[in-house]
Amino acid sequence: MGDAEMAVFGKAAPFLRKTDKERLEDQNRPFDAKTACYVSDAKELYVKGTVKSREGGKATVETLLDKRSVTVKDDDVLPMNPPKFDKIEDMAMMTHLNEASVLFNLKERYSAWMIYTYSGLFCVTVNPYKW
């Protein structure tokens with residue numbers, strides 16, 4: 001559904017989907033599916049990272065936010081979706097549908113005031129009220 005087709009949603013359209021221009025820009029960002037990941041974090045719950053090495057059931061990951069190196073169990077490294085799925089309105093379309101991917105999608109959509117999304121048949125709304 002392109003920008004012209006989104007017109008049927010009227011004033012709600014910006015709260016549902018990115019523009020075609022934004023989606024094209026995201027599709028052209030560099031992304032390495034083999035190393036891009038999420039790892040658990042005590043403060044943020046999950047942070048984005050890059051896998052630097054894997055051996056013996058452990059993975060060494062460099063976090064993107066603060067560039068620190070963490071070693072976690074290989075099972076605790078969650079794959080990240082390609083940038084074209086950032087702020088996607090139907091989370092069922094994600095390549096990797098894991099807890100971190102869903103939470104980051106909701107967080108990114110909320111920060112862009114896209115408060116309505118869904119996963120398959122289920123509507124998800126994030127309360128837009130801010131203190």
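Strands here are DSSP runs of E with at least two residues, numbered from the N terminus. The model shown in these views is predicted.

**View A. Tyr 116 in strand β6 and the surface patch it belongs to.** Strand β6 covers residues 116-119, and Tyr 116 is found in this strand. The relative accessibility of Tyr 116 is 37%, so the residue counts as partly exposed. Together with Phe 15 and Trp 113, Tyr 116 forms a nonpolar patch on the surface. The accessible area of Phe 15, Trp 113 and Tyr 116 together is about 280 Å².

**View B. Met 94 in the loop between β5 and α2.** The loop that holds Met 94 lies between β5 (78-79) and α2 (99-111). Met 94 has a relative accessible area of 8% and is therefore buried, the cut-off for buried being under 20%. Neighbours within four places in sequence left aside, Met 94 is in contact with Asn 81, Phe 85, Ile 88, Ser 101 and Asn 105.

**View C. Met 94 and Met 80.** In sequence, 14 residues separate Met 94 and Met 80. Their C-alpha atoms are 9.7 Å apart in space.

**View D. Cys 37 and Cys 123 in a structure with 0 disulfides.** A disulfide is a covalent bond between the sulfur atoms of two cysteines. The structure holds 0 of these bonds. Cys 37 has a relative accessible area of 1% and is therefore buried. Cys 123, at 60% relative accessibility, counts as exposed, because exposed means over 50%.

Key:
Residues numbered from 1 in each chain as written. Predicted model: local features only at pLDDT ≥ 70, side-chain atom pairs only at ≥ 80, totals over all residues. Heavy atoms only, no water. Helix = DSSP H or I, 4+ residues; strand = E, 2+ residues; numbered from the N terminus. Buried < 20%, exposed > 50% of the residue type's maximum accessible area, 1.4 Å probe, protein only. Contact = heavy atoms within 4.5 Å. Patch = residues over 30% accessible without salt bridge, like charges linked within 9 Å, V, L, I, M, F, W, Y side chains within 5 Å. Areas by Shrake-Rupley, 256 points an atom, 1.4 Å probe, with all protein chains shown as cover. Salt bridge = Lys/Arg side-chain N within 4 Å of Asp/Glu carboxyl O. Disulfide = S-S within 2.5 Å.
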